[in-house]
Amino acid sequence: MPPFPLLPAVCVLLFSRVSPSIALQEVHVNRETIGKIAVASKLMWCSAAADILFLLDGSHSIGRGSFERSKHFAEAVCDALDISPGRVRVGAMQFGSIPHLEFPLDSFSTRQEVKANIKRIAFKGGRTETGLALKRLLGGFPGDRRGSVPQLLIIITDGKSQGPVAIPAQQLRERGIVVFAVGVRFPRWDELLTLASEPKEQHVLLAEQVDDATNGLLSTLSGSALCTTADPDCRVEAHPCERKTLQTVRELAGNALCWRGSRRVDSVLALRCPFYSWKKVFQTHPATCYRTICPGPCDSRPCQNGGTCIPEGVDKYHCLCPLAFGGEVDCAPKLSLECRIDVLFLLDSSAGTSPEGFGRAKAFVKRFVQAVLSEESRARVGIASYSRDLMVAVPVGEYQDVPDLVRSLDGIPFSGGPTLTGSALLQVAEHGFGSAIRTGQDRPRRVVVLLTESHSQDEVAGPAEHARTRELLLLALGSETVQAELREITGSPKHVMVHTGPQDLFSQILELQRRLCSQPRPGCQAQSLDLVFLLDASASVGPENFAQMQSFVRKCTLRFEVNPDVTQVGLVVYGSQVQTAFGLDTHPTRAAVLRALSQAPYLGGVGSAGTALLHIDGKVMTVQRGARPGVPKAVVMLTGGSGAEDAAVPAQKLRNNGISVLVVSVGAVLREAVRRLAGPWDSLIHVAAYSDLRYHQDVLVEWLCREAKRAVNLCKPSPCMHEGACVLRNGSYRCECRAGWEGPHCEKHILRGDAPVAYSFHQQPTGRQRPTPSQQAPGHLRV
């Protein structure tokens, strides 16, 4: 069922001089629920014995188009029926001026036969004699089982009968026949309610919305055990909805002079009389719609670490994952502890943490070991908990495999009691890693990872210092309330990871893996690269978040060797305008680039990412602005997502021109415009919040280093100015200049009397191209 823009409705009908954007029934639910209603209509099945007769309005007021939609609805209902001689039997009758039996209930024994014959029913036209058709059925359904099974009458009409319908409809209902009134075209809802069984709102539907109407009909039947759903978790829910009726109303248009009496002189009476105009309007009727909702594949939120779940049918889905987590199912972190290391997780099991907090800590450790431990891993893990005393539940390395470790973790009980973190650290230092003494290169690095949410009730500074003197690396993960104490325990703020809530806790898995195994690595020091950062400085980002972007870019720049022969860095910001903060060749040292990054202006206003990318293509990544031919080129765009609607084509233009583009999108929701802008799947990093940018430095640097090593086309982007043509030959290039221009890049305008100069170009080991002049015949360049 297609979603409907601006309104949570499920139907659009066309009418002369009536806007097609007005739906005749609006179910007030979100788009996700509308999709679930459509899916649920295909999961329902009616297999109990029943006689079902479709009564199709084939009058002129319906018209051929709406008649065909009526038939389509009847076929959709048949898809959910177990049609067979012993189960569900289906018949069809059409009425206009007179009722006409299309086929009785005992004519066909399979669903395919019934649907084929419904499809063949021809529109007959005539008046809308609904009452006459109902009276015809008072004698029984043609071919029925004489009331031995439930009987259902599904009337599909616009509700504009030309005769009385209330009495024959009531007589049918009194005989135990369940009557559904299904509207078509612009239905008259009051007449549909007159026709339908009780409760009225569950037996009145709109055929134009096939999936919704099918769901509503089968949902009502599921209450009487005639129909069931394939999923036991499906349930019928009531939703507010509105129904609209198209009415012709009279409206006062003004007054005009009119005559009263005869035209004789002595009896003429002239008055101002009102005159009226007529127009069609919609009248709204509040209602309640009952629909079956089945759990969707994304309801359990299977995509971790900020991944976006995309449903694929009834029970399948796929995850759009952030770049750092794209290698595993459900965006689980793609990690490994490849370093040789012994890790003891120390879990606070005191009353100050609470059973819920202890459970979250165990869940964190479980996810961590499942993500990072493998048969090839050289890391060994142990688990201990503490309150008054230390309990080593799993000594370091003493487990068979990861499932065995997880089972042992699940079995650790919550103890309560006082929070004696200092005492626990002393015991860990003496006994946490076993009694075997190994020295030098034979002993792996030993790490204690403390997880706590409560302040210690004993002194921690001395025990922590003692543990560090025993060559234990102390890392701590906790809530913001204990941040200062954790710094005192670890001895460095760099060894403390703070979470702001349960979800943020699990986002620390990747950061913990990095701190366990590696120090900050330098970037691709020996690789040449022309690198431009593009920062969203619009009002949608705000000055505080813009400052966090600046800090992130500064930290990434620290990982590169900045000089004219290795890495060049430029910066462009966009908001109310697009501005080159500094070009590629403006600052020749890393210190100068860092200072300039801190001074980048925040612009505010409404930004256009597409305009900014075109600015980079034409005014930044060019030879005249410092770009070097033969050097890999990359643009890293940081955006909050707004203003990206026009950016997909300019981004692709850059890529086609040999310039890599990486998009770093910040925000709780990954916008579709950003997804299109990012292009290749490995060219997008999605970050939930600006404060989380710091966790993605390694991923960004790794991507840039990979781009710096790729093969380069010397003519992409073209180094030739003024529409000169770049020609590749034998690992070099030359510029064939248009008339009136010369120079290595066609940058010099020829003045009368100038002697032509030719240039040859050779790849320099540093990446910078240096032209060498040589005298040549006019119009030629030596390569």
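Me: Taking buried to mean under 20% relative accessible area, what is found on both faces of β6 in this predicted model?

Reply: Both faces of β6 are covered, since Gln151, Leu153, Ile155 and Thr157 on one side are buried, as are Leu152, Ile154 and Ile156 on the other. In a regular strand the side chains alternate between the two faces of the sheet.

Me: How do you know whether β6 is enclosed or open as a whole?

Reply: Seven of the seven residues of β6 fall in the buried class, and the strand is therefore largely enclosed by the rest of the structure.

Me: What makes β3 and β6 count as paired strands, and in which sense do they pair?

Reply: Pairing requires at least two bridges between two strands, and β3 (residues 50-57) and β6 (residues 151-157) have six bridges, in the parallel sense; among the details, Ile52 has Leu152 of β6 as its bridge partner. The pairing of β6 with β7 is likewise parallel over six bridges, with Thr157 standing opposite Gly183 of β7.

Me: Why are β5 and β8 called edge strands?

Reply: The open sheet has six strands in the order β5-β4-β3-β6-β7-β8, with mixed pairing, and β5 (99-103) and β8 (204-206) each pair on one side only. Across this sheet, neighbouring strands are turned by 25° against each other on average, direction ignored. Helix α7 (residues 210-222) lies across β6, β7 and β8 and runs at about 160° to β8.

Me: Why are α4 and α5 described as roughly parallel or roughly antiparallel?

Reply: The axes of α4 (residues 130-137) and α5 (residues 166-174) come within 8 Å and cross at roughly 30°; angles under 35 degrees count as roughly parallel, and the two helices are therefore placed in that class. Their crossing is left-handed, and the contact is made by Gly131, Leu134, Lys135 and Leu137 of α4 together with Pro168, Ala169 and Leu172 of α5. By class, this contact comprises five nonpolar residues, one polar and one charged.

Me: How do you know whether Leu252 is buried or exposed?

Reply: The cut-off for exposed is over 50% relative accessible area, and Leu252, at 53%, therefore counts as exposed. This residue lies in strand β10 (residues 235-260) and, leaving aside residues up to four places away in sequence, touches Pro274, Phe275 and Tyr276. Leu252 and Ser277, which are 25 residues apart in sequence, are 6.4 Å apart in space, C-alpha to C-alpha.

How values were computed: Residues numbered from 1 in each chain as written. Predicted model: local features only at pLDDT ≥ 70, side-chain atom pairs only at ≥ 80, totals over all residues. Heavy atoms only, no water. Axes fitted to C-alpha atoms, helices over the stretch in contact; angles between N-to-C directions. Helix = DSSP H or I, 4+ residues; strand = E, 2+ residues; numbered from the N terminus. Parallel < 35°, antiparallel > 145°, perpendicular 65-115°, else oblique. Left-handed = near helix turned anticlockwise from the far one by under 90°. Contact = heavy atoms within 4.5 Å. Nonpolar A, V, L, I, M, F, W, Y, C, P; charged D, E, K, R; others polar. Buried < 20%, exposed > 50% of the residue type's maximum accessible area, 1.4 Å probe, protein only.
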